[in-house]
Amino acid sequence: MIDLDGPWFIDKETNKTILFHGINVGGGAKLPVGIPSHCRQGFWVDYDRKVNFVGRPFPLEEADTHFQRIISLGFNLIRFVITWEAIEHEGPGIYDEDYLDYVIQLLKKCQQYDLKVFIDPHQDTWSRHCGGSGHPGWTLTLAGFNPLYFSNTIAALVHNTYDVPEEFPRMIWNTNYQRLAAATMFTLFFAGRTFAPQCIVDQINIQDYLQSHFLNAIAQLAKRIQQHGLEDDIVIGYDTMNEPGQGYLGFPDLNKLDESDTSFKMGLMPTPFQGMLLGSGIPCKVANYEFIWSGPKKKGDVLVDPNNNNNNNNSNNQTESTSAWLNQEELDDSCMTFGWKRGTSWQKAGCIWEHHGIWDKTTGTLLAPHYFANDPISGKPTHFAQDYWIPFLTMYIQTIRSVHTNAIIFVQPPILDKPPKLPDDNPLYSRLVYTPHWYDGLTLVKKKWCNYNIDFINLNRGKYGSGPLRFIRALCIGEKAIRKCFIKQLETVRAEGLEQIGNYPCLLGEIGIPYDMENTSSLQETESIWQRCLLWITSLFYDSTIKASNIRHPDSSQNKAMDASINAVESTLLNYTLWQYVPDNDPTWGDRWNGEDLSIWQQKNSNKKTTLMDDNNNDDDDDINHKGIESTISTMTDATITAEDLDQKLLVDEDTNQRRLVCLNRPHPRFTPGIPTHISFTSQTTKNPAYYRYEFQVRQDAMDTVTELYVPSTGFPPPTVDDDSGITSRMVTQVNISQGQWKVQDIQQEYWILRWWWTSLEQENKKFSVWLELKGIRFLSK
């Protein structure tokens, strides 16, 4: 069982510290079988009630292959992606028993491989129908929306209904949080009682209806996890709702966009009021934005007319204006289909916000521009996180712990913002983990590894002052400065968690890179005079030429970007789950969701048949023991190793994974009888060998002194002799320790386990620090 000790995860049986080095499994679970985001066929058929998620993220019969691969890459934790839609897609209170059984079977497979799991109820911009993922289609119908016309009215930008799916703008899906469909749904979900009091269905407000069904759906899975004996030892806890949106809550003026120059804007960006007008078929001039080095920049205004922007999928012949809302006949039909009974004050179809008097459709005028800025009864300013998200979090914890008493709650507040202060006097707020997300946003949006970056987190927190010059102060130039900038941001993230959430561990729920990067300098193709000047300045500090087009080369943009991100995590001693593992990642469509391409796995086209490792092909009798300080196994110098010396058995995955980045071959401590104080890692290059150093302060209450490390064979070849195949590996790794003894516990195809310990006679009765370092080999091209 996993316990918590301040900011550390502890193995309760041994009192050893566990650093989680995990992976999200996986983004493919966002989508039903047979409906990737670029396909129109099958999208919004019969309210999407009959979709099937069994087999997402991968079929059960393939589970061993995938979990073996995950283990071989050194991951010890899975953020297990599920969706509300997968559980309750057919209608309110109708649960997909086949899907729930499928999830249980996958979790039992995790048990076989001793993989710890926390459940992630995932969503992005509310649902697939709003251009994201997560929540059932019937929730939109409940509110009166018609997703078939979201694209026409830009109530949401949806890949499935985009005219030319191949040209869907990168990262544009993120703007859907600010558009009519998702903004309305999040407002109703978190604050319907306050701001949409007339939205009564089956005698309760829509907020209570939506929240109760969401909580009950997750509880259905929790109950089955308990029934099958998977809680605590395998499923250690539950994430809160992924990346929750705040909708319109706290918006100061519905006639204006968020005026912050750090807010995300890309493409056509209607104000909230313009979104309401467009959603009802009324044309508007809308601001159009591009994303440059310092963030969003307005290009101009574009006239958007929903009635002259019909996509080829709109087969219905409408005699009235195109609308994002169901007409009266469609609304009545949906209520009959799902058995809903709307309250007497909410019988009419159309825009909810017009119905509540925010604007007038007849005159097209905004009547209450500050409607969401203050509580309509108390008049107090609206604070989304404190007033609405924390009460939801409280109910979520109560729901989970009513089933799984010891569940760790992985708390994920609204992203990018400083988390709200949790109550200190509520006993519910125990066994928590702060679980923010962090990406190198510039690389993620531009899909380029630039020779400059921005300290966004600290810029957003006001640490660079005010005014346009703060962007210059937050600018970092050159790879060394960028890596320091990433560390600085994560130090802020960790400190905020300790201050606001409490003295609990911090685990980055998502971190990763886009693999579909452009192999050109991000400023070489620009026309802006300022950007050309910036390129010239950066060239004085940093060589911007591209040295490798193969992403598996140490000098590739992908390897540098990933290494910089993970280096920041290790330097700040944080836990993390990398985004993501998608076994059906496609060379054309990436992760098959909105053009994203962040999977660490992509099948390489090859006729070679590979065999995965056998977890039981080594006996303890084969252990190799070594003693003493500065122990060395090297029999050859690095200079004498040639490409012909490579043991190809150790590189089997190179033939199957197109994306085996060099920097992902990093050692990782699995169990530590102490408190980690330092991790440093240098990825192997053509000039320098791989290097790893780990330091910690010994715990006096640990049951023994054994430290266990995962060591990848690529970069750090194991000290091995003749194996069953008769092949002798000549590759070597040097192991240095501050004291004690070490041995190789186990050698597998792609990794080996190093055990390091000392006797009680060597340990004085006081706190002291120890260290271990590994010196591997250079990157060798075949």
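1. The side chains of K30 and D124 form a salt bridge, with an N to O distance of 3.2 Å. This is a predicted model, and the distance is a computed one. The pair joins distant parts of the chain: K30 sits in the loop between β4 (21-25) and α1 (63-72), D124 in the loop between β6 (116-121) and α4 (137-143), and 94 residues separate them. Both K30 and D124 are buried.

2. A further salt bridge connects K109 with D64, where the closest N and O atoms are 2.9 Å apart. K109 belongs to helix α3 (residues 97-112) and D64 to helix α1, so this pair ties together parts that are 45 residues apart in sequence. How do the two ends rate for burial, given that buried means under 20% relative accessible area? K109 counts as buried because its relative accessibility is 18%. D64 has 26% and therefore counts as partly exposed.

3. E518 and K448 also meet through their side chains in a salt bridge, at 3.7 Å from N to O. Here too distant parts of the chain are linked: E518 is in the loop between β19 (507-508) and α15 (529-539), while K448 is in the loop between α11 (441-446) and β17 (452-454), 70 residues apart. E518 is partly exposed, because its relative accessible area is 27%. K448 has a relative accessible area of 8% and so is buried.

4. For the whole structure, the count of salt bridges is 35. Which residues are linked in a network of salt bridges? R56, D584, D586 and R592 are joined in this way. As background, side chains of opposite charge can pair when their charged atoms come close.

5. D232 is a charged residue to look at separately. It lies in the loop between α6 (206-227) and β9 (235-239). D232 is buried yet has no salt bridge. The nearest side chain of opposite charge is that of R431, 5.4 Å away; a salt bridge requires the nitrogen within 4 Å of a carboxyl oxygen, so R431 does not qualify. What does the side chain of D232 make a polar contact with? The partner is the side chain of H404, at 2.7 Å. Leaving aside residues up to four places away in sequence, D232 touches M1, H404 and N406.

6. Helix α1, which carries D64, is mostly covered, with 8 of its 10 residues buried. The buried residues of α1 are A63, H66, F67, Q68, R69, I70, I71 and S72. What covers them includes β4, β5 (77-82), α3, β20 (575-581), β25 (707-712) and β28 (751-757). After α1 comes G74, whose phi is positive, near 90°.

7. At the start of the chain there is an open sheet of 3 strands in the order β1-β2-β3, with antiparallel pairing. Its edge strands are β1 (2-5) and β3 (16-18), each of which pairs on one side only. Neighbouring strands in this sheet are turned against each other by 50° on average, direction ignored. In general, strands of a sheet pair through backbone hydrogen bonds, either parallel or antiparallel.

8. The strand pairs can be taken in turn. β1 and β2 are antiparallel over 4 bridges, and D3 has I10 in β2 as its bridge partner. The hairpin of β1 and β2 has 2 residues between the strands, and G6 takes a positive phi near 60° there. Strand β2 (residues 8-11) pairs with β3 in the antiparallel sense over 3 bridges; F9 stands opposite I18 in β3.

9. Which face of β1 is covered and which uncovered? I2 and L4 make up the covered face, whereas D3 and D5 are on the uncovered one. D3 is thus the residue on the uncovered face that is bridged to I10.

10. Some totals for the chain close the note. There are 16 helices and 29 strands. Of the 782 residues, 63% are buried. Among contacts between residues at least 6 apart in sequence, 75% join residues at least 24 apart.

Definitions and conventions:
Residues numbered from 1 in each chain as written. Predicted model: local features only at pLDDT ≥ 70, side-chain atom pairs only at ≥ 80, totals over all residues. Heavy atoms only, no water. Pairing = 2+ DSSP bridges. Axes fitted to C-alpha atoms, helices over the stretch in contact; angles between N-to-C directions. Buried < 20%, exposed > 50% of the residue type's maximum accessible area, 1.4 Å probe, protein only. Lys, Arg positive; Asp, Glu negative; His and termini not counted. Polar contact = N/O pair within 3.5 Å; in protein donor to acceptor, adjacent residues only side chain to side chain. Contact = heavy atoms within 4.5 Å.
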